[in-house]
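Welcome! Here is a short guided walk through a protein structure for someone meeting it for the first time. Take a look at the view below, and then read on.

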Amino acid sequence: MVEVTDNMKKWTVWMLVFALTAALLTPGSRAVGEKKLVALTFDDGPSQYTDKLLDSLARYDAKATFFVSGYRLDSYDAELQRIADEGHEIGNHTQNHKTLTKLSAETLAYEIDSTLRTIKAVAGDTAYLLRPVGGAYNTRVCEAARGPVILWSARHARLEKPRRGLCV
């Protein structure tokens, strides 16, 4: 069991504040009626922080999309089940967190399909969204995804801007 420290609590709150602020200030953010909407997404999990993050989301009655990595699912299957049970969306972030544009067709298919199978086996849910590692994608990745490829509008400064127009 992981001991939750004050720093972890502060990190979770700051992460939520950053995500909400970035989404609301991002040019082109979507509004429905008079309401601005924000899509919270989290990558690379589940992990030892997932339960506390889910607790924070529940406290604010917020939902998110969790793009999960297959190699973590055996160790964090209860967290994945909780994500599904609480009504959050589950997306695919590949089996081994590899850059998909650099892979052979066979390995590309494995990275996507093996994670989908594990998500379905653990959570009974089928993830139809794919978030490619580092935002790296091309036509081959879009075809292999067989569903929407989801990037982000607010990114960490070290990442380059996403390319547009390859995937529908």
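## A small cavity and what surrounds it

The structure holds one cavity of 30 Å³ or more. Please keep in mind that this is a predicted model. The volume of the largest cavity is about 30 Å³. Which residues line the largest cavity? Its lining is made of N92, I112, L116, A127, Y128, L129, L130 and A145. Sorted by character, seven of the lining residues are nonpolar, one is polar and none is charged.

## The overall plan

Stepping back, the protein chain has six helices and five strands. Following the sequence, their order reads α-β-β-β-α-β-α-α-β-α-α. The protein chain has 168 residues, and 39% of them count as buried. Among contacts between residues at least 6 apart in sequence, 62% join residues at least 24 apart.

## The nonpolar core

How many residues does the largest nonpolar core have? There are 30, and F42, L57, F66, V68, I90, L108 and L130 are those with the most contacts inside it. Two or more residues of this core come from each of β3 (40–45), α2, β4 (64–68), α4 (77–85), α5 (105–123) and α6 (139–145). The element that gives the most is α5, with five residues.

I90 is a good place to pause. Leaving aside neighbours within four places in sequence, I90 is in contact with F66, V68, L80, I83, A84, I119, A123, D125 and A127.

## Helix α2, inside and outside

Helix α2 spans residues 50–59, and T50, L53, L54, S56 and L57 are its buried members. These buried residues lie on the same side of α2, because they cover an arc of only 160° around the axis. On the other side of α2 you will find A58 and R59, both exposed. It helps to recall that an α-helix has 3.6 residues a turn, so residues three or four places apart point the same way.

The loop that leads into this helix deserves a look too. P46 sits in the loop between β3 and α2. The peptide bond from G45 to P46 is cis, with omega near -5°.

## Helix α4 and residue L80

In helix α4, the buried residues are E79, L80, R82, I83 and A84. What covers them includes α2, β4, α3 (70–73), β5 (89–92) and α5.

L80 belongs to α4. Is L80 buried or exposed? L80 is buried, because its relative accessible area is 0%, under the 20% cut-off for that label. Not counting residues up to four places away in sequence, L80 touches P46, V68, L73, I90, I119, V122 and A123. P46, then, the residue of the cis bond, is one of the contacts of L80. Along the chain, L80 and F66 are 14 residues apart, and their C-alpha atoms are separated by 9.0 Å.

## K120 in helix α5

K120 is part of helix α5. Its relative accessibility is 48%, so K120 counts as partly exposed. Not counting residues up to four places away in sequence, K120 touches D125 and T126. D125 is also among the contacts of I90.

## Residues with positive phi

A few residues take a positive phi, and the table below gathers them.

| Residue | Phi | Where |
|---|---|---|
| D61 | about 50° | just after α2 |
| G87 | about 85° | just after α4 |
| R146 | near 55° | segment after α6 |

D61 has its positive phi although it is not a glycine, and D61 is found in the loop between α2 and β4. At 69% relative accessibility, D61 counts as exposed. R146 is likewise a residue other than glycine with a positive phi. What is the relative accessible area of R146? The value is 58%, so R146 is exposed.

## Looking back

To retrace the walk, you can begin at the cavity lined by residues including L116 and Y128. From there, move to the core, where L130 is one of the residues with the most contacts; L130 is also part of the cavity lining. Then turn to α2, where L57 is buried and R59 is exposed. Finish at L80 in α4, where I90 is among the residues it touches.

Terms used:
Residues are numbered from 1 along each chain as its sequence is written. This is a predicted model: local features need pLDDT of at least 70, side-chain atom pairs count only at pLDDT 80 or more; totals for chains, interfaces and linings use all residues. Side-chain values use heavy atoms; hydrogens and water are left out. On a 1 Å grid over the protein atoms alone, a cavity is a set of points where a 1.4 Å probe fits but cannot get out, and a pocket is an open set with protein on both sides within 12 Å along at least five of seven lines; lining residues have an atom within 4 Å of a point. Grid points are joined across faces, edges and corners, and a volume is the space filled by probe spheres set on the points. Ala, Val, Leu, Ile, Met, Phe, Trp, Tyr, Cys and Pro count as nonpolar, Asp, Glu, Lys and Arg as charged, and the others, Gly among them, as polar. Buried means under 20% relative accessible area, exposed over 50%, partly exposed in between (1.4 Å probe, protein chains only). Helices (H or I, at least four residues) and strands (E, at least two) are DSSP runs, numbered from the N terminus. The arc is that of the directions from the helix axis to the C-beta atoms. A nonpolar core is a set of buried Ala, Val, Leu, Ile, Met, Phe, Trp, Tyr and Cys residues joined through side-chain atoms within 4.5 Å. Contact means heavy atoms within 4.5 Å.
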